[in-house]
Structure formats: structure tokens, C-alpha cells
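Q: Please take a close look at a single helix of this structure and describe its surroundings. A connected account for a newcomer would be welcome.

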Amino acid sequence: MNIVYLTSEAVPFAKTGGLADVCGTLPAKIAALGHQAVVIMPAFASIRNCGVPIESTDISFAIPMSDKQLVGARLLKAVLPDSEVPVWLIDQPKYFDRLGLYGSADGDYPDNAQRFAFFCRAAMQAITRMGWTVDIVHCNDWQSGLVPALMNNARKREDGLRQFPWVRHAKSVITVHNLAYQGVFPKEEYRWTGEDWIHFNANQYEYYDQVNYLKTALITADMISTVSPKYAEEICTPHHGCGLDQVLLARKGRVSGIINGIDTDVWSPAKDPHLAENYDRSNWQSGKAANKHALQKHFGLAVDPNLPMIGLVGRLAEQKGWDLILPVLEQHLVEDRPIQWVVLGSGGVHFEEALQTLADRYPDRFGLHVGFSDTLAHRIEAGSDLFVMPSHYEPCGLNQLYSLRYGTIPVVTPTGGLANTVIDCTTENLENQSATGFLLKSPSAAGLDEAIGKALQLRYHDWEKWKQIVETAMSQDWSWRKSACQYVELYERTLALR
């Protein structure tokens with residue numbers, strides 16, 4: 001198969017979140033399975049410092065953004081690291097040569113509707129100019145959400161087929177990485193699509209008299225995927241559907257979920273260069289003890305190998321359950337419970353301030369790093385006993401997968417990808433040796449405290465069962481190869497559609 005990936009992010013070229021990890025890895029894994037893969041993305045300013053050679057080309061074209069405005073673009077070329085997958089970058093400084101991908105500290109860029117309509121239309125033109133034979137166009141999130149509709153409408157017009165001959169046989173897939181971000185704009189922004197106003201209707205672009213880029217893709221794409229089977233179910237409900245549940249419910253037969261993989265070379269306790277001591281399933285006890293010792297020294301915590309350590313890495317945002325974590329953390333510190341906590345993250349100022357106050361007050365039991373450090377993220381995964389992740393919703397989640405690989409037992413809410421990847425430590429699951437973590441019984445501070453208490457009780461009072469959980473967790477396969485095979489199956493089902 002020949003697959004073209006359209007994305008606004010891909011590591012190492014541009015990143016704000018998990019979308020970049022997927023689109024920087026999946027195409028190479030698909031290519032390794034014997035398929036042809038190509039990535040098309042904007043040439044953001046960040047490509048200048050990505051560490052990958054960027055080649056200029058003589059391929060250029062112009063997009064009529066209005067009756068009086070032609071906007072030019074040229075293609076730059078690179079390659080995904082450790083692969084032969086070409087990355088074509090759409091270079092238009094007016095739209096993309098900015099410090100932020102989608103906005104600044106003041107908020108979203110006011111011309112985002114125009115910027116990403118241009119990206120979608122330029123990607124269509126780039127495919128034509130390159131003369132590719134295309135089986136699947138795999139779009140990702142709202143930034144490429146116009147493409148399935150553009151393909152469908154071009155297919156119905158003679159001039160459309162002349163301009164984009166590849167649409168005659170190509171099919172489209174849209175992956176929703178987070179339904180909360182949809183690309184909703186005022187009605188007048190529709191003009192940037194270049195489409196006739198006849199298409200501004202509820203079956204294509206229109207959404208409550210606005211234009212919604214993601215909703216357009218959900219209605220017009222041949223297949224819809226998201227990043228976990230549980231999230232695929234949740235987004236078809238009012239609670240998690242973000243206003244699009246009825247749209248998704250109407251297409252439920254075309255919606256599927258595939259768990260993201262992780263890079264098992266980068267996230268490997270056996271060869272991780274960031275760790276104080278490497279370890280695997282056979283010697284994890286000594287390895288994790290050495291890494292806990294190093295972590296305690298790093299944060300200035302009391303050096304005590306017997307104290308259980310709870311780790312957290314991620315955004316300090318409501319979605320991640322910080323309204324649950326903070327009361328439990330404070331309670332543990334105030335009551336002088338025999339536990340240490342370490343946190344790495346940044347985000348909401350009120351969360352940062354509350355955490356800093358606790359860190360200043362209890363420096364021997366709570367370590368805090370506001371900001372991001374890749375090295376420290378690896379060390380926290382290796383040195384902690386538990387990893388707490390009580391998200392209110394979590395399309396996929398990666399930190400619980402890193403935790404499983406590092407033998408750091410996750411305590412999570414049973415939502416989205418967390419429910420699909422962490423097997424609760426019930427009596428039955430302990431007996432059949434499948435348990436890998438602890439699920440909250442209720443999404444509350446009390447529910448989180450109860451789950452942590454259950455985990456610590458097992459660690460203190462039944463070491464053999466705790467060993468079993470750790471070793472079962474470390475035996476899981478969350479590699480990208482597994483996920484890539486599932487995507488190939490999805491593409492094959494899409495091509496089989498009439």
C-alpha cells in the first residue's frame with residue numbers, strides 16, 4: 001500500500017504533544033512492514049533546530065486563497081530519523097514561520113483557519129505535483145481535517161479529477177488524537193477552503209452556523225480511528241463526545257481505536273542512558289533501588305530505600321486529575337505518612353504555586369521540578385514504585401506505558417487508553433497473574449487515596465504478589481510494531497469499502 005500521512009506535528013520537526021510522537025514513528029513502522037509511507041507537514045520555524053538535514057527543492061505552486069490572493073508554497077524535503085520515510089514540508093513563511101505552532105502566550109493565532117486551510121489545500125496540490133499513486137491519505141486531528149471533504153468533492157467534478165487525479169482511487173482515514181480540539185471558526189472563515197458555498201451544509205463543513213474542521217473530517221472520511229478502543233467508545237457518548245457524539249454515533253461502524261505504541265529503544269530500562277543503573281525483569285529490584293537512591297539524592301529527599309516513592313510526570317492541567325492529586329498529596333504530607341512524592345511538570349499557574357508551597361514546606365518528602373526534563377522523566381519512571389495518573393479523560397496516554405515497562409506500577413482512572421492498558425489488581429487478576437496496576441473505583445480524591453492505599457498495602461505486606469505485578473507489567477508488549485500491524489489492518493478494511 002501507498003500511504004500519505006498529513007499532520008501538523010512529527011518528531012523531531014515540530015511537537016506540542018502526543019500527535020508528534022505518533023506521526024514521527026508510525027510511518028517508519030508501516031514502511032518497515034513493506035509499505036510505502038510519506039509524511040506531509042507544515043515547515044514551521046522549529047524545523048531549523050530539529051537536528052535533521054532539510055533540503056530545498058525546486059517544486060513550488062500557488063493556492064488561490066481568494067479571488068485576488070494567490071499564496072505560493074514550495075516543498076522542502078527531509079527524512080524521518082532512522083528510516084527512509086520522506087518528509088515533505090510545505091514552506092510558506094507567512095503562515096508557518098512562527099515560534100508557536102498554533103498560538104502564543106496570548107492565545108491561538110487569529111488566522112488559524114486560514115493557515116490550516118492552506119495546509120490542507122497545499123497538501124492536496126503536493127500529492128498531485130509529486131505524481132504519487134495513493135491508496136490511503138491518513139489525516140490527523142483538525143489541522144488536516146478538510147482533506148477528506150476536499151477529496152470527496154474533487155472526485156465528483158471533472159475539473160477536480162483533472163486537478164487531483166489520485167483522488168479517483170484514494171481513500172481517507174482521520175485519526176482523532178483528542179476530540180476536545182476541533183478547529184471551530186466563524187462562518188466567514190469558510191472562504192479559505194476554496195469550496196463552493198453549496199458545501200457549507202450539515203453533511204460537510206457547517207456546524208451550528210460555524211465551520212468545524214474536525215467535524216468535517218468525521219462526516220466525510222472513509223474511516224475514523226482514535227488512539228484507544230475505550231476512547232473510541234467514550235467519544236460516542238455525550239459525556240466525552242465534546243458536542244460531536246451524535247456525529248460519531250451515526251458513523252459508529254466506521255470508528256475504531258488503536259493504542260499508540262512506545263519507542264522501546266528509547267524507553268528501555270535495560271539500556272536507558274539516563275539511569276543511575278540499568279535493569280531488566282531479572283534484576284529489577286536492585287536496579288530500581290539504585291535509581292530511587294539517585295532520585296532521592298537529586299531532590300534532596302531523605303535517603304531511605306524502604307520508603308515507597310510515588311512519581312508523576314506530565315501537564316499540570318485539570319484533565320490530568322490534579323484536582324484529585326493535590327488533596328491526596330497534601331493529606332499524605334500533613335499526616336507524615338511514610339511515602340515520598342516526586343513531580344515533574346508545568347501548566348496551570350495555580351497548580352504550580354500549590355505544588356511549590358508544598359515542596360517548600362516538606363522538602364525531605366516531596367521533590368518538585370516545574371518545567372520539563374527528558375532525563376528526569378526517565379529517572380522518575382525508573383526510581384518510583386508507583387506512578388499516579390488519575391486523568392478525567394485520557395485518549396491514550398503514554399506515561400502509564402512507560403511505567404509498565406519500567407516496573408513502576410500505575411494507579412489510574414478507568415478511562416480511555418488507561419482502561420485498555422492497565423489491568424486492575426483484583427483477586428481474580430492476581431490469581432491468574434494478569435494484574436499490572438490499580439484502577440480507581442471512583443474519580444475522586446477519596447478514590448485515589450484508596451487505590452494508592454491498596455497498592456502500598458500489597459507492597460508492604462505481600463512482597464511475592466508485588467513482585468508478580470511488577471514482573472507481569474514489565475513483560476507487556478506496547479511496541480509500535482504491534483500498533484502498526486493494527487493500522488495496516490485498518491487500511492485494508494478501508495480499501496475494501498465500497
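A: In this predicted model, the buried residues of helix α13 are L376, A377, H378, I380, E381, A382 and G383. The helix spans residues 374-383, and seven of its ten residues are buried, so α13 is largely enclosed by the rest of the structure. Buried here means a relative accessible area under 20%.

The cover over these buried residues includes both helices and strands. Among the helices are α10 (284-299) and α14 (399-405). The strands include β15 (309-313), β16 (340-345), β17 (366-370) and β18 (386-389).

The wider setting comes from a record: an unreviewed UniProt entry annotates residues 299-464 as "domain: Glycosyl transferase family". In the model, that span is 45% helix and 16% strand, and its end C-alpha atoms lie 30 Å apart.

One of the covering strands, β16, also bounds a loop, which runs between α11 (322-334) and β16 and contains E335. With a relative accessibility of 44%, E335 counts as partly exposed, because partly exposed denotes values between 20% and 50%. The side chain of E335 is joined to that of R337 by a polar contact of 2.9 Å. The C-alpha atom of E335 is separated by 55 Å from that of S172, a residue 163 places away along the chain.

Elsewhere, another pair of helices may be described. Helix α4 (residues 112-130) packs with helix α5 (residues 147-155) at an angle of about 50°, their axes being 10 Å apart. This angle makes α4 oblique to α5, and the crossing is right-handed. In this packing, C120, R121 and M124 of α4 meet V147, L150 and M151 of α5.

Conventions. Residues are numbered from 1 along each chain as its sequence is written. This is a predicted model: local features need pLDDT of at least 70, side-chain atom pairs count only at pLDDT 80 or more; totals for chains, interfaces and linings use all residues. Side-chain values use heavy atoms; hydrogens and water are left out. Buried means under 20% relative accessible area, exposed over 50%, partly exposed in between (1.4 Å probe, protein chains only). Helices (H or I, at least four residues) and strands (E, at least two) are DSSP runs, numbered from the N terminus. Contact means heavy atoms within 4.5 Å. UniProt positions are given in the numbering used here, feature names are shortened, and annotations may be inferred rather than shown by experiment. A polar contact is a pair of N or O atoms within 3.5 Å; within protein, one must be able to donate a hydrogen and the other to accept it, and residues adjacent in sequence count only if both atoms are side-chain atoms. Axes are lines fitted to C-alpha atoms, for helices over the stretch in contact, and angles run from 0 to 180 degrees between N-to-C directions. Angles under 35 degrees count as roughly parallel, over 145 as roughly antiparallel, 65 to 115 as roughly perpendicular and the rest as oblique. A crossing is left-handed if the near helix is turned anticlockwise from the far one by less than a right angle, and right-handed if clockwise.
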